[in-house]
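Student: I have a structure open on my screen and would like to learn how to read it. Could you walk me through some features?

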Amino acid sequence: MADINFMRIEDAMNRKAVKILRDVSLFHAAEVVALSRVSDLMVVDHENNFVGVLSEGDILRAAMPDTDEILAEGGSLNTAFGIFLRKGRHLADLPILPFVITEPIVVDPKDHIAKATTVMVDLNIRLLPVVKDGKLVGTISRADVCQAVVGNA
């Protein structure tokens with residue numbers, strides 16, 4: 001059991017991060033989100049170099065109709081949903097890269113766990129990529145921190 005005063009991110013992180021390759025489609029990314037039940041996918045290249053994060057929220061926002069689109073087609077909730085579905089189908093074959101956050105906040109496995117905790121709480125982030133020498137080595141979530149802290153009480 002690690003001493004909480006010296007606990008590092010590597011002591012609590014998930015080493016099996018849900019990740020996808022940078023050159024896949026949004027359809028593939030949406031499938032991975034649905035199957036894995038995670039909100040943020042870690043994006044890597046073929047050498048596991050960290051590229052960024054693809055958020056399910058960013059995918060949804062890309063498909064959301066704006067007010068002008070809804071009003072132009074009648075202004076009803078059914079109209080809005082129809083536009084949402086059309087836009088979603090259009091997005092399916094697009095590459096993910098334009099939707100990837102390419103400069104997210106990352107942490108190093110040797111960082112103190114308090115650094116990750118502070119960032120997550122202050123910025124309302126649920127999951128952070130753990131990157132060492134440009135390579136994705138895992139993720140750390142609020143749940144991981146809670147487990148580490150309670151498990152070491």
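Tutor: Happily! Let us begin with two strands: β2, residues 40-44, pairs with β3 in the antiparallel sense, over 5 bridges. Keep in mind that this is a predicted model.

Student: Which residue of β3 is the bridge partner of D40?

Tutor: The partner of D40 is S55.

Student: And what about the hairpin of β2 and β3: how many residues lie between the strands?

Tutor: There are 5 residues between them, and N48 in this hairpin takes a positive phi near 65°.

Student: How do I tell whether a strand is enclosed or open?

Tutor: Check its residues against the cut-off: a residue is buried if its relative accessible area is under 20%. In β3, residues 50-55, 6 of the 6 residues are buried, so the strand is largely enclosed by the rest of the structure.

Student: Is S55 buried or exposed?

Tutor: S55 has a relative accessible area of 13%, so it is buried. Leaving aside neighbours within four places in sequence, S55 is in contact with S39 and D40. A polar atom of the S55 side chain also lies 3.0 Å from the backbone nitrogen of G57.

Student: Now for charged side chains. How many salt bridges does a search of the whole structure find?

Tutor: The search finds 3. One of them joins the side chains of K110 and E10, at 2.9 Å from N to O. K110 sits in the loop between α4 (77-91) and α5 (113-123), while E10 belongs to the segment before β1 (19-21), so the pair ties together parts that are 100 residues apart in sequence.

Student: How accessible are K110 and E10?

Tutor: K110 is partly exposed at 48% relative accessible area, and E10 is also partly exposed, at 24%.

Student: Where do D58 and R61 lie, and how far apart are they in sequence?

Tutor: D58 and R61 are in helix α2 (residues 56-63), and because they are 3 residues apart there, about one helical turn separates them. Their side chains meet in a salt bridge of 2.8 Å, N to O. To judge accessibility here, recall that exposed means over 50%. D58 is buried, with 19%, whereas R61 is exposed, with 55%.

Student: With which residue does K115 form a salt bridge?

Tutor: K115 pairs with D111, and the closest N and O atoms are 3.3 Å apart. K115 is partly exposed at 42% relative accessibility, but D111 is buried at 19%.

Terms used:
Residues are numbered from 1 along each chain as its sequence is written. This is a predicted model: local features need pLDDT of at least 70, side-chain atom pairs count only at pLDDT 80 or more; totals for chains, interfaces and linings use all residues. Side-chain values use heavy atoms; hydrogens and water are left out. Buried means under 20% relative accessible area, exposed over 50%, partly exposed in between (1.4 Å probe, protein chains only). Helices (H or I, at least four residues) and strands (E, at least two) are DSSP runs, numbered from the N terminus. Two strands pair if DSSP finds at least two bridges between them. A polar contact is a pair of N or O atoms within 3.5 Å; within protein, one must be able to donate a hydrogen and the other to accept it, and residues adjacent in sequence count only if both atoms are side-chain atoms. Contact means heavy atoms within 4.5 Å. A salt bridge is a side-chain nitrogen of Lys or Arg within 4 Å of a carboxyl oxygen of Asp or Glu.
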